[in-house]
Amino acid sequence: MKVLKFGGTSMGSASAMKQVIAIVKSKQNGKPVVAVVSAMSGTTDVLLNAGVLAAASDESYKELLKKSEERHLETARSSINVQQQSATLSMLKKLFNEIEDICNGIYLLGELTSRTKDKLMSYGELLSSQLITAAFISDGVNAVWKDARELIVTNANYGNAAVDAALTQQLIDNYFIACDNAVVVVPGFVARNANGVTTTLGRGGSDYTAAIIGAAVNAACVEIWTDVSGMMTADPRMVPNAKIISNISYQEAMELSHFGAKVIYPPTIQPVMKKEIPVWVKNTFAPDDFGTLIESKTAVANKNICGISNMAKMALLSLEGSGMVGIPGFSKRLFEALANEQVNVILITQSSSEHSICVAIEEASVAKAQHAVGKAFEYEMETGKIDPLVVEKGLAVIALVGDNMKSHTGIAGKMFGALGRNGVNIRAIAQGSSERNISAVIAGADVAKAINVLHEEFFETTYKQVNLFVIGTGNVGKKLLGQLKQQQAFLESKLRLQVNVVGLSNSRKMLINEAGIDLNNWEAALQGGQQADLNAFINTIIDKNLRNAVVADITANDTVAKVYDQLLQKSIAVVACNKVAASSAYSNYKKLKDLSREFNSPFLFETNVGAGLPVIGTLNDLMSSGDTINKIEAVLSGTLNFVFNNYDGSRPFAAVVKQAQDEGYTEPDPRLDLSGTDVMRKIMILAREAGVQLEMEAITNSGFMPASCMTGSVDDFYKAMEKEEAHFKKIYEAAAAANCKLKFVAKYENGKAAVGLQHIPAQHDFYHLYGKDNIVLFITERYSQQPLVVKGAGAGAEVTASGVFADIIRASKM
């Protein structure tokens with residue numbers, strides 16, 4: 001014999017019921033089938049709302065019942081042959097008359113007791129089960145309706161009645177021994193007590209009905225038919241990449257169900273688990289899908305984690321004080337007080353010192369819990385032996401579930417590491433000795449991020465998703481977005497990384513799309529975005545709370561640099577092409593570096609020095625490996641190197657500078673380059689990364705620009721350079737006469753830094769530095785005889801964008 005249970009959506013319409021009939025017929029194979037059915041979707045809520053309205057003397061309950069009656073009648077007309085409809089329609093009208101009589105009584109009394117509520121809600125299943133029985137018969141199936149109240153007996157705990165297992169077993173045995181029908185339809189959820197009064201089995205009780213009958217008749221299998229293709233590794237509403245769990249153990253299913261997985265009801269598994277009867281979760285609307293098979297032992301090996309679940313709207317109660325230490329029975333009093341108020345404890349954790357204990361409960365039970373605990377420990381609180389109860393709301397419990405965790409080390413470390421890297425703070429932790437479940441209490445606002453992070457860590461072997469926000473869409477920003485588009489397939493196939501650009505902003509417009517911005521059409525999409533507002537953009541990034549979030553600043557804007565601290569404190573990585581932050585006051589630089597370490601949020605700025613060259617990365621590697629930086633000599637301005645490599649007096653100095661700007665080598669204001677200010681910033685950043693506390697004021701700058709060129713607008717700057725052409729020609733000729741080249745050199749040694757224009761002879765490492773190239777010489781304890789040299793293109797949108805790109809990849813792996 002097989003027992004099949006069909007949920008509310010499976011019973012929700014005439015077409016759905018036809019699908020149910022087809023499924024049941026396919027399962028017969030000459031053996032009887034028991035079909036346990038729920039109420040039509042939404043009906044239980046309608047009945048409960050009608051009762052509540054009636055108790056409040058609100059006559060609108062009649063309209064609710066009228067609509068529900070019409071829905072059932074219309075479903076009957078569409079499901080049953082015309083010749084056979086009359087009896088069914090009469091039966092449905094009779095039941096709705098009874099429902100209305102009950103609601104009228106509630107209306108007159110002005111109260112809705114638990115007993116009456118059970119009676120009222122039972123009609124949902126009584127209606128649907130008799131309706132589909134008639135549909136079976138209309139389709140030629142030898143079906144019979146059997147009232148569950150004649151099979152299942154409970155106590156009088158209305159709303160969540162406990163089953164009398166022995167008497168129920170006897171009644172089921174007696175009925176099925178004599179039954180010769182091919183299909184027996186049973187209403188789920190409903191039962192009766194010893195006095196024949198209707199009771200209900202609590203939330204998800206129809207599953208429980210199926211399990212009780214399945215266990216009693218030793219069914220070959222209990223099938224739970226719903227509107228999803230089985231249990232999933234996570235809630236698909238939160239995790240788009242959630243996967244179907246094909247095989248799972250009873251214990252794993254119980255854990256997932258307890259912590260919020262809605263496909264099955266936790267007590268469902270208990271009756272069948274004792275008899276090792278498989279439970280198969282299937283999809284009514286996709287019956288060929290495998291679904292989820294729940295057994296005593298799963299057929300899938302090497303599966304450490306089977307799923308991730310969560311419970312929202314939780315609260316944490318914390319009790320602590322010296323009066324708790326070494327006092328036997330303290331915990332007993334706490335749990336007894338909570339139990340007396342019907343407060344369900346979800347999670348428990350206690351420090352080994354016995355100085356504190358905390359429990360997680362549903363937020364809705366907080367008031368009852370506070371009253372119960374306050375009363376139970378009134379004396380201890382008044383005498384100061386324990387502190388007043390601390391209540392934290394707005395929390396959630398997440399749980400990692402899997403039978404094989406106990407035989408694999410590092411699962412907890414992997415879980416907490418992944419959460420920590422994404423800034424998810426853990427308030428409490430619990431793990432049973434069976435090691436089947438690791439639970440953590442976190443902020444409710446972090447649930448979606450936490451579930452996605454854990455799912456990515458344990459289930460998604462395909463790729464890791466990075467959510468990228470880009471500020472600045474000028475030359476470098478455009479190149480970056482082009483490179484991201486070009487490398488999408490490579491990143492996914494080779495690095496298992498999906499860079500999802502979810503936010504763009506420039507000085508005019510901003511756009512955020514959590515699903516991802518199409519890089520084929522980003523310019524038009526941004527143009528259609530909102531008016532740019534940096535604070536709103538940053539607040540949205542923080543509020544979205546996306547996992548693996550990275551913000552790339554590709555501006556030269558000091559206002560943008562001032563928000564880095566807000567992002568780092570929320571564990572959002574910052575990739576800065578913008579040099580403002582790293583070259584700001586040392587106290588701010590150190591603050592950002594400290595925040596990066598404290599909140600596990602990468603703060604990377606490789607392109608601040610040398611564009612795409614691995615200058616800062618190389619320096620960091622030297623320092624991390626224990627080397628000491630004794631001296632740095634460098635040509636750090638691609639702009640100045642380009643200018644002096646192309647200026648020979650044959651054309652104006654101003655024209656060469658303009659060419660450098662037109663080709664994208666200069667800062668937006670070229671005076672930052674030509675004045676040496678940009679080079680000062682860069683050597684200061686390198687010195688700081690080498691562990692030196694250095695400010696801009698301490699750097700010597702031997703500049704070459706006349707004062708007349710450094711005032712006014714950029715246009716004024718070019719006009720002034722034209723007037724000072726003789727000055728620039730004189731500088732060039734002096735170097736040429738000495739058979740030297742002009743290079744603007746930065747130097748750091750013994751805690752001091754200096755920058756300035758120098759004559760470089762032919763034998764010097766800097767002499768053969770062409771175009772816009774940069775070069776950095778690191779003289780260290782290990783590289784004392786021959787310096788470590790980093791050399792290559794140090795300016796240009798393409799190479800700078802590639803450096804930002806590399807930092808984004810690096811941030812995603814940290």
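These legends walk through four close-up views of a predicted model.

**View 1. Helix H2 packs against helix H4.**
Here we zoom in on H2 (residues 43–55) and H4 (residues 85–109), whose axes lie 7 Å apart at an angle of about 30 degrees. Because angles under 35 degrees count as roughly parallel, H2 is described as roughly parallel to H4. On the H2 side, the contact is made by Leu47, Ala50, Gly51, Ala54 and Ala55, and on the H4 side by Ile99, Cys103, Ile106 and Tyr107. Eight of these contact residues are nonpolar, one is polar and none is charged. The crossing of H2 with H4 is right-handed.

**View 2. Helix H16 meets helix H29.**
This view turns to H16 (residues 475–494) and H29 (residues 797–813), with axes that come within 8 Å and cross at roughly 55 degrees. The two helices are therefore oblique to each other, and H16 passes H29 in a right-handed crossing. From H16, look for Asn475, Val476, Lys479, Leu480, Gln483, Leu484, Gln487 and Leu491 in the contact. Their partners on H29 are Ala797, Glu798, Thr800, Ala801, Ser802, Val804, Phe805, Ile808 and Ile809. By residue class, the H16 and H29 contact has ten nonpolar, five polar and two charged members.

**View 3. Helices H23 and H24 cross at roughly 135 degrees.**
The axes of H23 and H24 come within 9 Å in this close-up. At that angle, H23 and H24 are therefore oblique to each other, and their crossing is right-handed. H23 brings Thr639, Phe642, Val643, Phe644 and Asn646 to the contact, while H24 brings Phe653, Val656, Val657, Gln659 and Ala660. Seven residues of this H23 and H24 contact are nonpolar, three are polar and none is charged.

**View 4. The second largest pocket is lined by 45 residues.**
Now for some empty space: this pocket holds about 970 Å³. To find its centre, start from Ile554, Thr555, Ala556, Glu667 and Pro668, the lining residues that lie nearest to it. Some helices from the earlier views return here, since H16, H23, H24 and H29 are among the elements that give two or more residues to the lining. Helix H25 (671–674) and helix H26 (677–689) also give two or more residues each. The lining of the second largest pocket divides into 15 nonpolar, 22 polar and eight charged residues.

Note on methods. Residues are numbered from 1 along each chain as its sequence is written. This is a predicted model: local features need pLDDT of at least 70, side-chain atom pairs count only at pLDDT 80 or more; totals for chains, interfaces and linings use all residues. Side-chain values use heavy atoms; hydrogens and water are left out. Axes are lines fitted to C-alpha atoms, for helices over the stretch in contact, and angles run from 0 to 180 degrees between N-to-C directions. Helices (H or I, at least four residues) and strands (E, at least two) are DSSP runs, numbered from the N terminus. Angles under 35 degrees count as roughly parallel, over 145 as roughly antiparallel, 65 to 115 as roughly perpendicular and the rest as oblique. A crossing is left-handed if the near helix is turned anticlockwise from the far one by less than a right angle, and right-handed if clockwise. Contact means heavy atoms within 4.5 Å. Ala, Val, Leu, Ile, Met, Phe, Trp, Tyr, Cys and Pro count as nonpolar, Asp, Glu, Lys and Arg as charged, and the others, Gly among them, as polar. On a 1 Å grid over the protein atoms alone, a cavity is a set of points where a 1.4 Å probe fits but cannot get out, and a pocket is an open set with protein on both sides within 12 Å along at least five of seven lines; lining residues have an atom within 4 Å of a point. Grid points are joined across faces, edges and corners, and a volume is the space filled by probe spheres set on the points.
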